Amino acid sequence: MSESVIYEPRGAAREYAALAVNLYDGCPHGCKYCYAPACLHKTREAFHAAAAPRKGILSRLERDVEKLAGDERRVLLCFTCDPYPDCELEHGVTRRALEILDANHVDVSVLTKNGMVARRDFDLYQRNETEFGATICFADERLLDEWEPGAPSIASRMNAIASASRLGIQTWVSVEPVISPLQAWRVMELLRDHVDAWKVGKLNHMAIAGLAVDWQQFLAGTLELMDRRGMNYQIRDALWAHANDAIKARWPQATV
């Protein structure tokens, strides 16, 4: 019997979700900070060349959800791929996965950079109370070529979040990895009225020459901004590790 496709993430990934499933192999976004190629023991060139549905993914998913009867844990789509590569319009794997999970009363959270394709499924999100999330690390489109050369525009992601919010869909944004504190704070300001929850984390997986961030200062500034705007947030553990005693005393809830 093949291994389960719904799995329990380990390590830092568990801060995002208790359960997850990866629907595609590969991702064309080409993000320079992506951890997935190393996790999957693939070269960056091979991983970022294209995306394709995992073999037998929907039948394997149907088998796995039968084991989740009564399980209240939410399933994340996806960790090692984007659930909405452009080829999703041809394959419809993610839409069918959402239908399978809903039919079995499994709660879902989605994380994508392709809001334009994800919009197609907003009818399911509304019906199933699926959470819609986008990764947005900076507001300046000019940074795409350097950091996310194959990814959809920042504007398209922000517009998708705003559209989902207006439809009453629960929204969240992952500001991770933070590359520029000023850019991260700009994202938070621009979307503060459309995002129900934020996840904020530092750049961990690569060393960048000339990139020097005072993470303690960024953490304090982020908490100040979030509290001032009344925003709901989760500070990732690796970033919270930079908290000093003053920060911990003022924001004890950030450790939860």
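**Helix 10 and its aromatic neighbours**

Start with helix 10, residues 181–191: Gln 183, Ala 184, Val 187, Met 188 and Leu 191 are buried there. Buried means under 20% relative accessible area, exposed over 50%, partly exposed in between, with a 1.4 Å probe on protein chains only. Those five residues cover an arc of only 145° around the axis, so they sit on the same side of helix 10. The arc is taken from the directions from the helix axis to the C-beta atoms. Helices (H or I, at least four residues) and strands (E, at least two) are DSSP runs, numbered from the N terminus.

A word on the source. This is a predicted model: local features need pLDDT of at least 70, side-chain atom pairs count only at pLDDT 80 or more, and totals for chains, interfaces and linings use all residues. Residues are numbered from 1 along each chain as its sequence is written, and side-chain values use heavy atoms, with hydrogens and water left out.

What do the buried residues of helix 10 pack against? Helix 9 (154–166), strand 7 (171–178), strand 8 (197–202) and helix 11 (215–229). Contact means heavy atoms within 4.5 Å.

Now the rings. Phe, Tyr and Trp (its six-membered ring) pair if their centres lie within 6.5 Å; planes under 30 degrees apart are stacked, over 60 edge-to-face, the rest tilted. The count is 7 aromatic pairs. Phe 122 and Phe 132 have centres 5.1 Å apart and planes at 70°, so that pair is edge-to-face. Phe 122 is in helix 7 and Phe 132 in strand 6, 10 residues apart. Phe 132 is buried, at 0% relative accessible area.
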